[in-house]
Structures are given as C-alpha cells and as structure tokens.
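Hi everyone, thanks for making time this morning. I'd like to walk you through a structure, a few spots at a time, so please have the viewer open and follow along.

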Amino acid sequence: MENFTPTRYKLLNLLTDRIFDDEGWTLDDPECCESTLIRTVYEKKQIDIKGEEWGVYRFADWLPVNRMLKGSATPVTYKSEGLARYLRCDNLYITFNGYFPERGANMTTCSFKETEAYSVGGRMPESSSRVLVVASAGNTARAFAKVCSENNIPLLLCVPEDNIEALWFENPLNDCVRLISPQSGGDYFDAIYLSQLALRSNKFFAEGGAKNVARRDGMGTTFLSAATAIGEIPDYYFQAVGSGTGAIAAWEANLRLIEDGRFGNKLSKLYVSQNYPFIPMYNAWKEDSRDIPYYSDRQARKDAETINAKVLSNRKPPYGIKGGMYDAVKSTGGEVLYATNEQAEEAKILFLEHEGIDIHCAPAVALATLIESISNGAVDRKKIINLNITGGGEGRFKEGKKLFYLKPSFVFGLEPNDKDVIAKAESLF
C-alpha cells in the first residue's frame, strides 16, 4: 500500500450552513447554541476507491481520519441469487457486514460497528492522554473493544449487565480496555447515563455517538460499498435501526455520491425498521412528528427486555435533531417500519436457507420488513434494492474456537452515585 495521508475536510453546521475547521475532536459548532448535527465536507469530491487490502480505509477519501489503524475489514456487497429468487427480485443487492469468507467478508466481530470503530479511532489524535468512553447495547462495544485492544487505545466501555454476553472475542483483550455496567434490569439508556457520570472526570472524553462525524462516515462505508459495487445508487435501502445513525450515514453518503456525479442523482428511499414492541421512532414517524412520544423508563426497560434485537433498544435516538433520522427518511421519501420477534426469526431462517450464512437479529428485522414491503406492493421488486446486513456470520466464526469474554470491573445500581462511579472508573486506568 502507498503511504497514507490524512484526509482533507471541513465541517458544516446543518442549521446555519457555516463551514469551519475540525479542531481534532469537534462534535458541535462552537459558534452555535442550537441543537444540530454537523457534517463533513470533503475536499475530494470524486472518491477514489482503494484496494481491498486497505480494509475500511479503502474509502478513506470520505473518512475524517488522520491515521490508519491495523486490522480493519471492508463491507462486501454482492448481487443476491438465492434470496432474490425466493422474493422474485430482479436486482437485490446485499451489503454484508460480518464473517462470510466465501464472499470476502472478514469482520471478526461480525458487526458493521467495526466500520465506525476504525473510523473513530483513525480520527483520534495519537497523542491523546485521556480515555475514550463508549456506551453500547453490545455490538458497538465488541467492535470498539477489539479495535482499541489491538491498537493500544485506552477505552472505558459502559454496557448493560444483561447484554455482556455480546462481549466475546477471539483473543484475550489488552488491559487498556475496561468495562463497567448498570445492573441486571438496566438497558442501553442506563449504560449511557453511567457513561455520562464517568465523563464528569477530566480523565475521560466522550466518543460522541451520532454527533461524531467519524462514526457516521465510518458507517456510511456500507452505502459506499453498495453504490460502487452496483455502479449506481440503489432505489431502496433497508436497514434496522436503534439510534438510526447508520441510516443517517447512508443518506449522507448518498448525497456525496450525487455530488460525485458518477453514480446517478437519485436519493435511495430509506426503509428503516425497529423491533416491536420497542418502536419509539416508528410511533413518532406515524405522527409525522420530530418528537419521540413519552416513553417511561419502566416501559422502555420492559420492551427492551422483550425484543430479540437488543441492539435496537435506544430510547433517545438522534431522531428529531436537524440532520437526524426524521430528516433523512423524510427527504428520501422512505418509511419507518417494524417487525416482530417472530417475523425476524422467520427471516433469519430464510436468509440462512437462501444465502448460506447466519445473520444477527437486527438485520433479520430489516429483512422481515423487506419481505413485507415487497408482499404489500410498497416496494417495486424490479428496482434496485440494497439490504444492509449489519451483522452476520457469528455462528460460522465461532465454530471450533475458544472464546474470551470481557467481564465488568464494576456493576452499579440503576441510580448510581456519581462520585462512586467517577472514583471507580478512574481507578481502572
């Protein structure tokens, strides 16, 4: 590989259109007091896709990174035959994020969260003396743990105790990665709250979630993979959503591809899905509202426990914010849908039967809504459909392997004491 050079870009305030410089870890426009997302504006308008040996950094022209981390893999897009035949779709393309060696997919955490972890890590200054903090329902934590462990980046994870079975690894982790958890019964929101308490210490800094342009642009590589493999922007894009950050990222990548000029000028209709009964964004969308309806802590935790796709249980997503999920789906003429556990389980079986690999519960939710949308005529089966399999191949990857699990150093109650959290978190590093 030729020598890597930092990507040249600026940041755009989506509310005021102000363009400004990235100071290294800018999450908001310092001159704007209103809530909005910021977006990267890349100097290079036509993307130059590098070879697969670059991993996710083959899309580095449109990643806000100043260095490459080792160990990354790239999303893989292929034209479906088996599932397409079953659904009678002429142009069904699958973007597979996970472990599917027969298709060239080699994400060893089996999740597209790797794309954001390598992008976020590549944006981080090497000289940083503080500890990165990431809250997660599971898959994001596994991805960041792997990436930070292999690249010696200090990391504090906050994951619900009920979800830590998702923290499996092929190799033991570096001691630079540590975990704290809200006790059993807590959900992703409780993990976020725990991380916010830890962040009151100057020893830590926030990854930033949807506000981190590196997270969104890393996830946007799935859409770049699809459009560049197909040769044009797809007509429909299906993905399950918890925060919706991946769908926002797809929309933003779509806009860049239009500006590129070589992939068409259409906006792919975003069809995003939640796992019933945890459907706050679906409920807001049906009311054509930017505001998520009131969702009590008790009911949210109960619903999060009910759904199989635990990673979709974000009760405070970047939905109504300028540049968020509402704007993304609205501008593309898309839809917010949902699938039940039963529908998703049927979809998992269908995918394994027709494509030959196991998939996670979340992409099974997306597939279930695709099947329903084709069945009821909402989607034209003759047009180009892109299905984002956000995680899969875990069963295949784990075969015959001894796995290692990350256990929490401390478990806190659902109403933790801030000084206790800070003291214990600081003691880990």
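**Helix pairs, buried residues and backbone oddities**

Let's start with a helix contact: Gln343, Ala344, Glu345, Ala347, Lys348, Leu350 and Phe351 in α11 meet Cys361, Ala364, Val365, Leu367, Ala368 and Ile371 in α12. Sorted by class, this contact between α11 and α12 is made of ten nonpolar, one polar and two charged residues. Before I go further, please keep in mind that this is a predicted model.

How do the axes of α11 and α12 cross? They come within 8 Å of each other, at an angle of roughly 95°. That angle falls between 65 and 115 degrees, so α11 counts as roughly perpendicular to α12. If you want to find the second partner on your screen, α12 covers residues 361-375.

Let's stay with α11 for a moment. This helix runs over residues 341-355, which is 15 residues. From its first C-alpha to its last it reaches 21 Å, close to the 21 Å expected at 1.5 Å a residue.

Which residues of α11 are buried? They are Asn341, Ala344, Ala347, Leu350, Phe351 and Glu355. A reminder that helps when you look at such a list: an α-helix has 3.6 residues a turn, so residues three or four places apart point the same way. Now hold the buried list next to the contact list. Ala344, Ala347, Leu350 and Phe351 are buried, and these residues also take part in the contact with α12.

Glutamate 353 sits in α11 as well. Is glutamate 353 buried or exposed? Its relative accessibility is 58%, so glutamate 353 counts as exposed. Its C-alpha atom is 8.4 Å from that of glycine 82, although the two residues are 271 residues apart along the chain. Just after the end of α11 comes glycine 356, with a positive phi near 85°.

Now please turn to a second pair of helices, α2 and α3. Helix α2 spans residues 113-123 and helix α3 spans residues 139-150. Their axes come within 8 Å and cross at roughly 40°. An angle like that lies outside the parallel, antiparallel and perpendicular ranges, and α2 and α3 are therefore oblique to each other. The crossing of α2 past α3 is right-handed.

And who touches whom here? On the α2 side we have Lys113, Glu114, Glu116, Ala117, Tyr118 and Val120, and on the α3 side Asn139, Thr140, Ala143, Phe144, Lys146, Val147 and Glu150. By class, that contact has six nonpolar, two polar and five charged residues.

Two of the α3 residues deserve a closer look. Asparagine 139 is in helix α3, and it is buried because its relative accessible area is 14%, under the 20% cut-off. Leaving out neighbours within four places in sequence, asparagine 139 is in contact with Ser111, Lys113, Val311 and His360. The C-alpha atoms of asparagine 139 and glycine 392 are 11 Å apart, with their positions 253 residues apart along the chain.

Threonine 140 also lies in α3. With a relative accessibility of 8%, threonine 140 counts as buried. Not counting residues up to four places away in sequence, threonine 140 touches Lys113, Glu116, Val134 and Arg215. So Lys113 shows up in the contacts of threonine 140 and in those of asparagine 139.

Next, a buried residue in a loop. Aspartate 235 is found between α6 (221-230) and β12 (236-240). Its relative accessibility is 17%, so aspartate 235 counts as buried. Beyond its sequence neighbours up to four places away, aspartate 235 touches Lys266, Leu267, Ser268, Lys269, Lys383 and Ile384.

I'll finish with a few backbone features. Where is there a cis peptide bond? It joins tyrosine 276 and proline 277, with omega at about 15°. Proline 277 is in the loop between β13 (269-275) and α8 (280-286).

Then there are two positive phi values outside glycine. Arginine 88 has a phi near 60° and is in the loop between α1 (82-87) and β5 (91-100). At 56% relative accessibility, arginine 88 counts as exposed. Aspartate 288 has a positive phi of about 50°, and it lies in the loop between α8 and α9 (297-306). Its relative accessibility is 44%, so aspartate 288 counts as partly exposed.

That's my tour, and I'm happy to go back to any of these spots.

Key
Residues are numbered from 1 along each chain as its sequence is written. This is a predicted model: local features need pLDDT of at least 70, side-chain atom pairs count only at pLDDT 80 or more; totals for chains, interfaces and linings use all residues. Side-chain values use heavy atoms; hydrogens and water are left out. Axes are lines fitted to C-alpha atoms, for helices over the stretch in contact, and angles run from 0 to 180 degrees between N-to-C directions. Helices (H or I, at least four residues) and strands (E, at least two) are DSSP runs, numbered from the N terminus. Angles under 35 degrees count as roughly parallel, over 145 as roughly antiparallel, 65 to 115 as roughly perpendicular and the rest as oblique. A crossing is left-handed if the near helix is turned anticlockwise from the far one by less than a right angle, and right-handed if clockwise. Contact means heavy atoms within 4.5 Å. Ala, Val, Leu, Ile, Met, Phe, Trp, Tyr, Cys and Pro count as nonpolar, Asp, Glu, Lys and Arg as charged, and the others, Gly among them, as polar. The expected span of a helix is 1.5 Å times one less than its number of residues. Buried means under 20% relative accessible area, exposed over 50%, partly exposed in between (1.4 Å probe, protein chains only).
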